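Colleague: Please take a close look at a single part of this model and describe how its residues are placed. I should also like to see it set against the neighbouring parts of the chain.

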Amino acid sequence: MPQKTQFQAIVAYKCPRCREGDMFKHSLVKIRQFDQMNKNCPVCNLHFEPEPGFYFGAMYISYAFSVALFVTVALILYVVFGDPDLWVYAVAIPSAVVILLPGTFRLSRSIFLHVFGGIGYDPDYVVKK
């Protein structure tokens, strides 16, 4: 079985060391529990919080996603719908950000752990099946 690339592990919210264990306890479908992370990787036992307050930096990544989403929705409204009234922008943009919040939250934490966590991929931690 081929191993996941780092990009695949990031978008699937997998552990940066083994790229197999799930970072989050529940699926994205459980909206009320979208933010609950496993304390340790279920496969390699990596602790997902390298230091207290580690994920505060992920807010900057989440902010970048929100800005990109803001611009994208605004451009779509302008180009596709012919520059609607201001109230349409005021409703559509925050609605899109709120609807996509669980995904951007998880993705920003996954990116932050993989890129800034100082944890490299170690094929020895992959469970042989």
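Modeller: The account below begins with one helix and then turns to the loops on either side.

The structure is a predicted model, in which local features need pLDDT of at least 70, side-chain atom pairs count only at pLDDT 80 or more, and totals for chains, interfaces and linings use all residues. Residues are numbered from 1 along each chain as its sequence is written, and side-chain values use heavy atoms, with hydrogens and water left out.

The part chosen is helix α2, which covers residues 58-80 and includes L75. Helices here are DSSP runs of H or I with at least four residues, numbered from the N terminus. F70 belongs to helix α2 as well. Both residues take part in a nonpolar patch on the surface, whose members are Y63, V67, F70, V71 and L75. Together these five residues offer about 500 Å² of accessible area (Shrake-Rupley, 1.4 Å probe, only the protein chains shown counting as cover). A patch of this kind joins nonpolar side chains within 5 Å, each with over 30% relative accessible area and no salt bridge.

Within the patch, L75 counts as exposed because its relative accessibility is 52%, whereas F70 counts as partly exposed because its value is 46%. The classes are buried under 20%, exposed over 50% and partly exposed in between. F70 also gives a link to a later part of the chain: F70 and A92 are 22 residues apart in sequence, and their C-alpha atoms are 9.3 Å apart.

After helix α2 comes the loop that runs to α3 (86-99), and F81 lies in this loop. F81 has a relative accessibility of 55% and therefore counts as exposed. Between F81 and V115 there are 38 Å in space, C-alpha to C-alpha, for a separation of 34 residues in sequence. The loop between α2 and α3 also holds D83. The backbone of D83 has a positive phi, near 55 degrees, in a residue other than glycine. With a relative accessible area of 43%, D83 is partly exposed.

On the other side of helix α2 is the loop that leads there from α1 (6-11), where N45 is found. N45 likewise is not a glycine and has a positive phi, about 65 degrees. At 55% relative accessibility, N45 counts as exposed. The loop between α1 and α2 also contains F34. In contrast to N45, F34 counts as buried, because its relative accessibility is 16%. F34 and P84 are 50 residues apart in sequence, and the C-alpha to C-alpha distance between them is 33 Å.

One side-chain pair completes the description. K14 and D22 meet in a salt bridge, with 2.4 Å from N to O; the term requires a side-chain nitrogen of Lys or Arg within 4 Å of a carboxyl oxygen of Asp or Glu. A search of the whole structure finds 1 salt bridge. The two partners differ in their cover: K14 counts as buried because its relative accessibility is 14%, while D22 is partly exposed, with a relative accessible area of 35%.

To return to the helix, the patch brings Y63, V67, F70, V71 and L75 together on the surface, with L75 exposed and F70 partly exposed.

Conventions:
Patches are made of residues with over 30% relative accessible area and no salt bridge: like charges are joined within 9 Å, nonpolar side chains (Val, Leu, Ile, Met, Phe, Trp, Tyr) within 5 Å. Helices (H or I, at least four residues) and strands (E, at least two) are DSSP runs, numbered from the N terminus. Buried means under 20% relative accessible area, exposed over 50%, partly exposed in between (1.4 Å probe, protein chains only).
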